[in-house]
Amino acid sequence: MQIVFDSMTGNVRRFAAGVQLLLDGLPVHDLRRDVPAGEYLLMTYTFGTGGVPETTARFLAQQAGGLRGVVSSGSFHWGTNFARAGEQIAAQYGVPLVAKINKAGNAADRELVASWLRTQMGTLHGSRTAARPTHTARSLYGTLD
């Protein structure tokens with residue numbers, strides 16, 4: 001299992017890195033740079049009025065075989081469109097919506113997602129030792145993260 005993320009502002013990237021810190025050695029990939037091998041949890045943002053980002057949609061069109069769950073980010077201010085991209089992806093691909101997070105999420109969100117990943121990996125105890133994020137800060141596609 002691994003985490004694959006799509007981030008425009010850096011919120012989802014920071015959330016993925018925070019979850020990685022709770023799960024020692026769990027690989028994290030930016031879908032704009034890497035093609036994951038095997039099963040993954042997708043973390044993405046919601047675009048516009050509740051839509052799936054085009055970069056995420058293009059990635060899923062080619063790499064949906066490994067998708068096992070989705071986490072989506074948004075803003076509470078968007079009302080019913082809050083983190084709605086995750087609902088759409090979950091329905092389209094028949095995977096669980098693991099969490100909807102406000103912007104970069106909080107500690108409870110990170111622990112919820114880490115717990116789900118531990119269960120998926122068959123691990124009962126995660127590590128809080130220092131695992132370093134495997135990605136760099138700037139996207140090759142000119143996004144803000």
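This text walks through the aromatic pairs of a predicted model and then turns to one buried threonine.

Start with the rings. A pair of aromatic rings is described by the distance of the centres and the angle of the planes. Rings pair when their centres lie within 6.5 Å. By this rule there are two aromatic pairs.

Take Tyr40 and Phe59. Their ring centres are 5.7 Å apart, and their planes meet at 65°, so this pair is edge-to-face; the cut-off for that class is over 60 degrees. The two residues come from distant parts of the chain, 19 residues apart. Tyr40 belongs to strand β3, residues 40-45. Phe59 belongs to helix α2, residues 54-63. Tyr40 and Phe59 are both buried.

Now the other pair, Phe76 and Phe82. Here the centres are 4.8 Å apart and the planes 50° apart, a tilted arrangement. How exposed or buried is each ring's residue? Phe76 has 57% relative accessibility, so it counts as exposed; the threshold is over 50%. Phe82 has a relative accessible area of 11%, so it is buried; that class lies under 20%.

Return to helix α2, which also holds Thr56. Thr56 is buried, with a relative accessible area of 0%. What does Thr56 touch, leaving aside its neighbours within four places in sequence? Its contacts are Asp6, Leu31, Leu42, Thr44 and Ile89. Arg32 can be placed by a backbone distance: its C-alpha atom is 8.7 Å from that of Thr56. Along the chain, Arg32 and Thr56 are 24 residues apart.

Methods:
Residues are numbered from 1 along each chain as its sequence is written. This is a predicted model: local features need pLDDT of at least 70, side-chain atom pairs count only at pLDDT 80 or more; totals for chains, interfaces and linings use all residues. Side-chain values use heavy atoms; hydrogens and water are left out. Rings of Phe, Tyr and Trp (its six-membered ring) pair if their centres lie within 6.5 Å; planes under 30 degrees apart count as stacked, over 60 as edge-to-face and the rest as tilted. Helices (H or I, at least four residues) and strands (E, at least two) are DSSP runs, numbered from the N terminus. Buried means under 20% relative accessible area, exposed over 50%, partly exposed in between (1.4 Å probe, protein chains only). Contact means heavy atoms within 4.5 Å.
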